[in-house]
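Colleague: Hi! Could you walk me through the pockets in this one?
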Amino acid sequence: MRDPATAKVASAIEHLPTLKQEISLRQLFALGFGSIIGVGWITVLGAWLAGAGAFGAAAAFLVGAVVVLLISFSYAELATRFPSTGGEIVYLHEIFGVTPAFAVGWLLAMGYSSIVVFEAISVGWIVSAIFPQLEGPVLYSIGGGDVTLGSLTAGIVGMIAIAWFNIRGAKTAARLQEIITLLLILLTIVFCTLSLLRGAPDNLLPHFVADGDGLIWTGMVALLVTVPFWFGGFDVIPQAMGEKSQSASLKGVPLALGASIVAAALFYVAIILAASYALPREELLNSDLPVAEAMAAALGSTTGGKIVLFAGLLGLISTWNSLTYGATRVLFALGRARIIAPYFGELDARRRTPVRAILFVSAIGIAGSFFGRSAILPIVDAGAFAYVTTYAAVSLAALVCLRGEQKRTTGAFTMPGGTATRALTAILASALAIFAFYQPYAASENSIPVEWMIFLVWIAAGLAFFLLSKRVRDETDRSTRSALLAREGG
């Protein structure tokens, strides 16, 4: 028999306001693709090429895309079986229970938030490259990098603007994604076409970069373990299941997931090869923003660089917007299910958006912008580990939940290859997680890497949230929590 506190919570479920169901399948694709294509292809392309070479970098992204596509099949199975806002939290709660659900949800929030911070830092970099006069004076230096007034202001103002769009509602954020995605694809086609017309095949040399022992796979593997970070965000689609419009078919969700990953893979490979084709390797590696330099060369004018930077700004805004959306839905689901303080699970009465979760994520983005460009690569590595660990957990959940091919939800997706493919996916995702955790240590020459410190700080904060929320969790039994999560079903 339920205790009075649990009964009180259960009786209130039907009266809770819900998120608006207004996102189309096309907008789901735009959210997924827009989440993936940020600004990394402009700011860190030089690092990709330096470590792996043009063909090596392209190969790492293609291999990574195949692995991420397999992982997306697990997401598609579970998203169509449990179509609720919260994605991974819902799956882990229903299959493994509340503690694994929190652990994975908190890691996912870290992955999303790391990209939010990445974009908050990068926006100043891009804006200053387009409008140098806005750079402003150097305020301070951190980690060997300068933080200027212009870049810091751009990060803070941009984060406030993204928060405003999300507070206005998911439909507003999704429409922004559609517009940016279309413009980004068109600009990419222009860049690749000009590169082919103006570049030279010899610029692609060396195709692969060998290490001191003559091995070409070392740099490729080092890049491969970060690829999940660069594809991070496709899982925003499962986060949006509770806001999917009634007219959007459940069967279209796997298509939106797969299409966003394939389109992103083609985008990355096209950019890597087009930039490498346009300019000799030495010039690219010596450039602060290689893709902009390549476009300027292809067009024969500095205007070309400005066009690429504008495209990068679009990609940045797109990812910034959609990952803010994803992070807030994770916190909303954790709060709505009373896994952490219900404070995060409350909706604005008029717009029915999780304003408190949006403000929390925005505060993280603003705080992160103060660390400057020197923090970008550690944030990438720490976020990559959080992402692939989440992917491994979801792949394992799909294997455990669906191994018997029991009766399925109407319209639910079935992974090609069944249990064998699910098992392979779980193994590959787990291997990526191990590599992603070890890689920063290997690169730091046996000292404690900054990435591990970032990760430990986030875990410590998560433990604090979890312990402080013990009373509210104890007041809510599992069936009530499941009903709270299902309340936001699509």
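Modeller: Happy to. One term before we start: helices here are DSSP runs of H or I with at least four residues, numbered from the N terminus. Also, this is a predicted model.

Colleague: Good to know. What does the pLDDT average over the protein chain?
Modeller: The mean is 83, and 92% of the residues score at least 70.

Colleague: And where is confidence lowest, and where highest?
Modeller: Helix α1 (residues 4-12) has the lowest, with a mean of 57, while helix α17 (residues 355-369) has the highest, at 93.

Colleague: On to the pockets, then. How much space lies in the largest pocket?
Modeller: About 540 Å³. The lining has 22 residues, and those closest to the centre are Val117, Gly368, Phe371, Ile379 and Ile454.

Colleague: Which elements give two or more residues to that lining?
Modeller: Those are α7 (98-130), α17, α18 (376-402) and α20 (450-468). The largest share is from α20, with six residues.

Colleague: How do the residues of that lining divide by class?
Modeller: There are 16 nonpolar and six polar residues, and no charged ones.

Colleague: Now the second largest pocket: what volume does it have?
Modeller: About 420 Å³. Its lining is made of 19 residues, with Ala47, Ala222, Thr226, Leu377 and Asp381 closest to the centre.

Colleague: Which helix gives the most to that lining?
Modeller: That's α4, with four residues. At least two residues each come from α4 (45-52), α10 (217-224), α18 and α19 (418-443).

Colleague: And how many charged residues does the second lining have?
Modeller: Two, alongside twelve nonpolar and five polar.

How values were computed. Residues numbered from 1 in each chain as written. Predicted model: local features only at pLDDT ≥ 70, side-chain atom pairs only at ≥ 80, totals over all residues. Heavy atoms only, no water. pLDDT = per-residue confidence, 0-100. 1 Å grid on protein atoms, 1.4 Å probe; cavity = no way out; pocket = protein on both sides within 12 Å on 5 of 7 lines; lining within 4 Å. Points joined across faces, edges and corners; volume = space filled by probe spheres on them. Nonpolar A, V, L, I, M, F, W, Y, C, P; charged D, E, K, R; others polar.
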